[in-house]
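Got a minute to walk through a fold? Here is the sequence with its structure, followed by a short tour.

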Amino acid sequence: METKVKSACETCPQFNANGLKKLGVQTDDFDFVIALAGNPNTGKSTVFNALTGLRQHTGNWPGKTVTRAEGAYVYNDQKYKLVDLPGTYSLLSTSEDEEVARNFILFGKPSVTVIVVDASRLERNLNLVLQILEITDRAVLCLNLMDEAKRNKIEIDERSLARELGIPVVPTSARFNKGIPELIQAITEVANGNIICKPHRIKNVPKNIQSAVQKLSTAIEKEYPTIPNSRWLAFRLLEGDAQIMEALKTGQFV
(Lines give C-alpha, C1' and ligand atoms only; values in the text may rest on other atoms or scores of the structure.)
Protein backbone atom coordinates (compact mmCIF):
# COMPACT_ATOMS: atom_id res chain seq x y z
CA MET A 1 0.00 0.00 0.00
CA GLU A 2 1.27 3.46 -0.86
CA THR A 3 1.33 5.45 2.36
CA LYS A 4 3.41 8.46 1.38
CA VAL A 5 1.73 11.48 2.94
CA LYS A 6 1.94 14.96 1.44
CA SER A 7 2.76 17.89 3.72
CA ALA A 8 -0.17 19.96 4.90
CA CYS A 9 -0.78 23.31 3.24
CA GLU A 10 1.08 25.71 5.49
CA THR A 11 0.53 28.85 3.40
CA CYS A 12 -3.27 28.87 2.98
CA PRO A 13 -4.56 32.18 4.44
CA GLN A 14 -7.44 30.58 6.34
CA PHE A 15 -5.05 28.50 8.49
CA ASN A 16 -2.23 29.24 10.91
CA ALA A 17 1.40 28.26 10.29
CA ASN A 18 0.57 24.58 10.73
CA GLY A 19 -2.29 24.60 8.21
CA LEU A 20 -4.68 24.25 11.12
CA LYS A 21 -7.43 26.26 12.82
CA LYS A 22 -7.64 25.15 16.43
CA LEU A 23 -11.09 25.28 18.00
CA GLY A 24 -10.43 24.16 21.56
CA VAL A 25 -13.69 22.98 23.11
CA GLN A 26 -15.95 23.93 20.17
CA THR A 27 -16.90 20.35 19.30
CA ASP A 28 -20.41 20.86 17.86
CA ASP A 29 -21.36 20.43 14.18
CA PHE A 30 -18.40 18.26 13.25
CA ASP A 31 -17.75 16.41 9.98
CA PHE A 32 -15.50 13.68 11.38
CA VAL A 33 -14.77 12.06 14.75
CA ILE A 34 -11.14 11.20 15.44
CA ALA A 35 -10.17 8.87 18.28
CA LEU A 36 -6.73 9.20 19.87
CA ALA A 37 -5.55 5.90 21.34
CA GLY A 38 -2.27 4.67 22.77
CA ASN A 39 -0.29 3.38 25.72
CA PRO A 40 0.23 5.71 28.70
CA ASN A 41 3.23 8.05 28.40
CA THR A 42 3.39 8.12 24.61
CA GLY A 43 2.68 11.86 24.36
CA LYS A 44 -0.94 11.30 23.35
CA SER A 45 -2.17 14.34 25.28
CA THR A 46 0.56 16.46 23.67
CA VAL A 47 -0.71 15.41 20.23
CA PHE A 48 -4.26 16.23 21.36
CA ASN A 49 -3.17 19.67 22.55
CA ALA A 50 -1.17 20.37 19.38
CA LEU A 51 -4.30 19.78 17.31
CA THR A 52 -6.92 21.48 19.46
CA GLY A 53 -5.10 24.44 21.00
CA LEU A 54 -3.99 23.33 24.47
CA ARG A 55 -7.49 23.26 25.89
CA GLN A 56 -9.22 20.10 26.99
CA HIS A 57 -12.91 19.82 27.73
CA THR A 58 -12.92 17.08 30.35
CA GLY A 59 -15.72 15.09 31.86
CA ASN A 60 -16.58 11.48 32.60
CA TRP A 61 -17.75 8.82 30.17
CA PRO A 62 -21.42 7.96 30.76
CA GLY A 63 -21.67 5.71 33.79
CA LYS A 64 -17.87 5.60 34.23
CA THR A 65 -15.31 7.19 36.51
CA VAL A 66 -12.85 7.37 33.60
CA THR A 67 -12.17 10.92 32.39
CA ARG A 68 -12.74 11.85 28.75
CA ALA A 69 -11.28 14.81 26.88
CA GLU A 70 -12.67 16.34 23.69
CA GLY A 71 -11.50 19.09 21.39
CA ALA A 72 -11.75 20.17 17.77
CA TYR A 73 -9.99 21.70 14.79
CA VAL A 74 -10.81 22.78 11.25
CA TYR A 75 -8.75 21.79 8.22
CA ASN A 76 -9.71 22.31 4.55
CA ASP A 77 -13.12 23.62 5.64
CA GLN A 78 -13.88 20.37 7.45
CA LYS A 79 -14.37 20.15 11.19
CA TYR A 80 -12.77 17.34 13.18
CA LYS A 81 -13.85 16.39 16.69
CA LEU A 82 -11.09 14.68 18.70
CA VAL A 83 -11.80 12.24 21.51
CA ASP A 84 -8.76 11.46 23.67
CA LEU A 85 -9.25 7.87 24.86
CA PRO A 86 -7.78 6.60 28.15
CA GLY A 87 -4.20 5.38 27.83
CA THR A 88 -4.18 1.57 27.87
CA TYR A 89 -1.82 -1.32 27.15
CA SER A 90 -4.55 -3.62 25.85
CA LEU A 91 -8.16 -3.75 24.64
CA LEU A 92 -9.03 -7.00 26.36
CA SER A 93 -11.28 -5.11 28.76
CA THR A 94 -9.71 -6.18 32.03
CA SER A 95 -10.08 -2.63 33.38
CA GLU A 96 -12.50 0.26 33.01
CA ASP A 97 -9.97 2.23 30.95
CA GLU A 98 -9.60 -0.65 28.50
CA GLU A 99 -13.35 -1.13 28.27
CA VAL A 100 -13.95 2.55 27.48
CA ALA A 101 -11.20 2.69 24.83
CA ARG A 102 -12.26 -0.56 23.18
CA ASN A 103 -15.97 0.21 23.11
CA PHE A 104 -15.44 3.63 21.59
CA ILE A 105 -13.22 2.31 18.80
CA LEU A 106 -15.54 -0.61 18.15
CA PHE A 107 -19.02 0.80 18.67
CA GLY A 108 -18.44 4.57 18.53
CA LYS A 109 -17.35 4.18 14.89
CA PRO A 110 -14.74 6.98 14.78
CA SER A 111 -13.90 8.21 11.29
CA VAL A 112 -10.20 7.61 12.02
CA THR A 113 -8.35 6.13 14.99
CA VAL A 114 -4.96 7.73 15.51
CA ILE A 115 -2.72 5.33 17.42
CA VAL A 116 0.03 7.25 19.23
CA VAL A 117 3.13 5.21 20.02
CA ASP A 118 6.50 5.94 21.64
CA ALA A 119 9.06 5.59 18.84
CA SER A 120 11.78 4.86 21.40
CA ARG A 121 9.77 1.90 22.76
CA LEU A 122 7.99 0.78 19.62
CA GLU A 123 8.09 -2.97 20.25
CA ARG A 124 6.20 -2.79 23.55
CA ASN A 125 3.61 -0.47 21.95
CA LEU A 126 2.86 -2.79 19.03
CA ASN A 127 0.64 -5.10 21.10
CA LEU A 128 -2.02 -2.39 21.38
CA VAL A 129 -1.50 -1.32 17.75
CA LEU A 130 -2.21 -4.83 16.46
CA GLN A 131 -5.28 -5.17 18.70
CA ILE A 132 -6.71 -1.90 17.38
CA LEU A 133 -6.06 -2.95 13.78
CA GLU A 134 -8.14 -6.07 14.39
CA ILE A 135 -11.08 -3.78 15.18
CA THR A 136 -10.95 -0.90 12.71
CA ASP A 137 -10.22 -0.41 9.01
CA ARG A 138 -9.38 3.28 9.34
CA ALA A 139 -6.29 4.13 11.34
CA VAL A 140 -3.12 6.21 11.30
CA LEU A 141 0.00 5.39 13.32
CA CYS A 142 1.52 8.46 14.96
CA LEU A 143 5.16 7.54 15.59
CA ASN A 144 5.67 10.08 18.38
CA LEU A 145 8.72 10.99 20.45
CA MET A 146 11.01 10.65 17.45
CA ASP A 147 13.41 13.03 19.22
CA GLU A 148 13.80 10.46 22.02
CA ALA A 149 14.34 7.67 19.49
CA LYS A 150 17.07 9.65 17.73
CA ARG A 151 18.69 10.51 21.05
CA ASN A 152 18.85 6.78 21.76
CA LYS A 153 20.17 6.13 18.23
CA ILE A 154 17.06 4.17 17.27
CA GLU A 155 16.26 4.15 13.56
CA ILE A 156 12.83 3.20 12.24
CA ASP A 157 11.99 2.44 8.63
CA GLU A 158 8.60 4.15 8.50
CA ARG A 159 7.80 2.97 4.97
CA SER A 160 8.43 -0.70 5.79
CA LEU A 161 6.40 -0.35 8.98
CA ALA A 162 3.53 1.21 7.01
CA ARG A 163 3.60 -1.67 4.52
CA GLU A 164 3.58 -4.26 7.31
CA LEU A 165 0.75 -2.60 9.23
CA GLY A 166 -1.25 -1.53 6.17
CA ILE A 167 -1.87 2.00 7.46
CA PRO A 168 -0.16 5.41 7.12
CA VAL A 169 2.75 5.93 9.54
CA VAL A 170 3.68 9.51 10.44
CA PRO A 171 6.81 10.29 12.53
CA THR A 172 6.27 13.17 14.97
CA SER A 173 7.77 15.02 17.90
CA ALA A 174 4.55 16.59 19.08
CA ARG A 175 6.08 18.64 21.90
CA PHE A 176 8.16 20.48 19.27
CA ASN A 177 5.26 20.53 16.78
CA LYS A 178 7.28 18.45 14.32
CA GLY A 179 5.29 16.18 12.03
CA ILE A 180 1.92 17.63 13.08
CA PRO A 181 1.08 19.05 9.60
CA GLU A 182 1.84 15.64 8.08
CA LEU A 183 -0.30 13.93 10.73
CA ILE A 184 -3.20 16.27 9.98
CA GLN A 185 -2.89 15.49 6.27
CA ALA A 186 -2.82 11.73 6.90
CA ILE A 187 -5.94 11.96 9.08
CA THR A 188 -7.66 13.99 6.36
CA GLU A 189 -6.75 11.50 3.61
CA VAL A 190 -8.04 8.50 5.58
CA ALA A 191 -11.20 10.30 6.80
CA ASN A 192 -12.12 11.31 3.24
CA GLY A 193 -11.35 7.89 1.77
CA ASN A 194 -8.37 9.05 -0.30
CA ILE A 195 -6.20 6.51 1.49
CA ILE A 196 -7.73 3.05 1.85
CA CYS A 197 -6.13 1.17 4.73
CA LYS A 198 -5.50 -2.56 4.60
CA PRO A 199 -4.75 -3.20 8.27
CA HIS A 200 -2.78 -6.18 9.49
CA ARG A 201 -5.06 -9.01 10.65
CA ILE A 202 -4.56 -12.44 12.17
CA LYS A 203 -4.33 -14.96 9.33
CA ASN A 204 -2.98 -18.23 10.72
CA VAL A 205 -6.15 -19.43 12.42
CA PRO A 206 -6.87 -23.19 12.82
CA LYS A 207 -9.62 -24.40 10.48
CA ASN A 208 -12.03 -25.39 13.25
CA ILE A 209 -11.75 -21.97 14.88
CA GLN A 210 -12.01 -20.21 11.52
CA SER A 211 -15.21 -22.13 10.79
CA ALA A 212 -16.72 -21.18 14.15
CA VAL A 213 -15.71 -17.54 13.67
CA GLN A 214 -17.33 -17.47 10.24
CA LYS A 215 -20.62 -18.87 11.57
CA LEU A 216 -20.72 -16.44 14.49
CA SER A 217 -19.71 -13.52 12.29
CA THR A 218 -22.54 -14.26 9.85
CA ALA A 219 -25.06 -14.50 12.69
CA ILE A 220 -23.88 -11.19 14.18
CA GLU A 221 -24.13 -9.41 10.82
CA LYS A 222 -27.63 -10.78 10.30
CA GLU A 223 -28.78 -9.48 13.69
CA TYR A 224 -26.85 -6.18 13.51
CA PRO A 225 -26.25 -5.27 9.82
CA THR A 226 -24.43 -2.01 10.60
CA ILE A 227 -22.16 -3.35 13.32
CA PRO A 228 -18.43 -2.94 12.59
CA ASN A 229 -16.02 -5.87 12.42
CA SER A 230 -18.21 -8.83 13.24
CA ARG A 231 -15.15 -11.09 12.79
CA TRP A 232 -13.38 -9.55 15.78
CA LEU A 233 -16.57 -9.75 17.83
CA ALA A 234 -16.85 -13.44 16.96
CA PHE A 235 -13.33 -14.05 18.26
CA ARG A 236 -14.20 -12.28 21.52
CA LEU A 237 -17.38 -14.32 21.93
CA LEU A 238 -15.43 -17.55 21.45
CA GLU A 239 -13.07 -16.39 24.18
CA GLY A 240 -16.02 -15.88 26.51
CA ASP A 241 -15.90 -12.08 26.74
CA ALA A 242 -18.86 -11.39 29.04
CA GLN A 243 -18.99 -7.65 28.28
CA ILE A 244 -19.19 -8.22 24.53
CA MET A 245 -21.90 -10.82 25.13
CA GLU A 246 -23.88 -8.31 27.17
CA ALA A 247 -23.38 -5.54 24.61
CA LEU A 248 -24.69 -7.72 21.79
CA LYS A 249 -27.54 -8.99 23.93
CA THR A 250 -28.78 -5.53 24.92
CA GLY A 251 -27.76 -3.62 21.80
CA GLN A 252 -26.35 -0.89 24.05
CA PHE A 253 -22.98 -0.53 22.37
CA VAL A 254 -21.72 2.81 23.60
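The report below goes from the overall picture to individual strands, helices and residues.

## Ground rules

This is a predicted model, where local features need pLDDT of at least 70, side-chain atom pairs count only at pLDDT 80 or more, and totals for chains, interfaces and linings use all residues. Residues are numbered from 1 along each chain as its sequence is written, and side-chain values use heavy atoms, with hydrogens and water left out.

## The chain overall

The chain has nine helices and eight strands; these are DSSP runs numbered from the N terminus, with helices being H or I of at least four residues and strands being E of at least two. Of its 254 residues, 54% count as buried (under 20% relative accessible area; exposed is over 50% and partly exposed is in between, with a 1.4 Å probe and protein chains only).

About 12,600 Å² of the chain is exposed, and carbon and sulfur atoms supply 49% of that (Shrake-Rupley areas with a 1.4 Å probe; for residues, only the protein chains shown count as cover). Take the contacts in the chain with a separation of 6 or more: 71% of them come from residues 24 or more positions apart (contact means heavy atoms within 4.5 Å).

## β7 and its partners

Strand β7 covers residues 139-144, and six of its six residues are buried. A139, L141 and L143 point one way, while V140, C142 and N144 point the other way. On one side of the pairing story is strand β6 (residues 112-118), which runs parallel to β7 and is joined to it by six bridges (strands pair if DSSP finds at least two bridges between them). V116 has C142 in β7 as its bridge partner.

C142 also has a bridge partner in β8, namely V170. Strand β8 (residues 169-171) pairs with β7 over three bridges, again in the parallel sense. Put helix α3 (residues 122-135) together with β6 and β7 and you get a right-handed β-α-β unit (right-handed if, with the strands pointing away from the viewer, the path from the first strand over the helix to the second runs clockwise).

## T172, just past β8

T172 sits in the loop between β8 and α6 (180-191). Is T172 buried or exposed? T172 counts as buried because its relative accessible area is 1%. Its side chain makes a polar contact of 2.9 Å with the side chain of N144 (a pair of N or O atoms within 3.5 Å; within protein, one must be able to donate a hydrogen and the other to accept it, and residues adjacent in sequence count only if both atoms are side-chain atoms). Leaving out residues up to four places away in sequence, T172 touches residues including C142, L143, N144, K178 and L183.

## T188 and β5

T188 belongs to helix α6 and is buried, since its relative accessibility is 5%. The T188 side chain reaches the backbone oxygen of I184 at 2.8 Å. Beyond neighbours within four places in sequence, T188 is in contact with Y75, Q78 and Y80.

Q78 and Y80 lie on one side of strand β5 along with L82 and D84, and K79, K81 and V83 are on the other, all of them buried. β5 (residues 78-84) runs parallel to strand β2 (residues 32-38), with five bridges joining the two. Opposite D84 in β5 stands L36.

## α9 and L233

In helix α9 (residues 242-250), I244, A247 and L248 are buried. Viewed down the axis, the buried residues of α9 fall within an arc of 95°, so they line one face of the helix (the arc is that of the directions from the helix axis to the C-beta atoms). A242 and K249 are exposed, on the face turned away from that buried side. The N-terminal end of α9 is capped by D241, with a side-chain oxygen 3.1 Å from the backbone nitrogen of I244.

The buried residues of α9 pack against α2 (96-107), α7 (207-223) and α8 (230-238). L233 lies in α8 and is buried, because its relative accessibility is 0%. Setting aside neighbours within four places in sequence, L233 is in contact with L106, F107, I220, I227, P228, I244 and L248. The C-alpha atoms of L233 and I220 are 8.3 Å apart, with these positions 13 residues apart along the chain.
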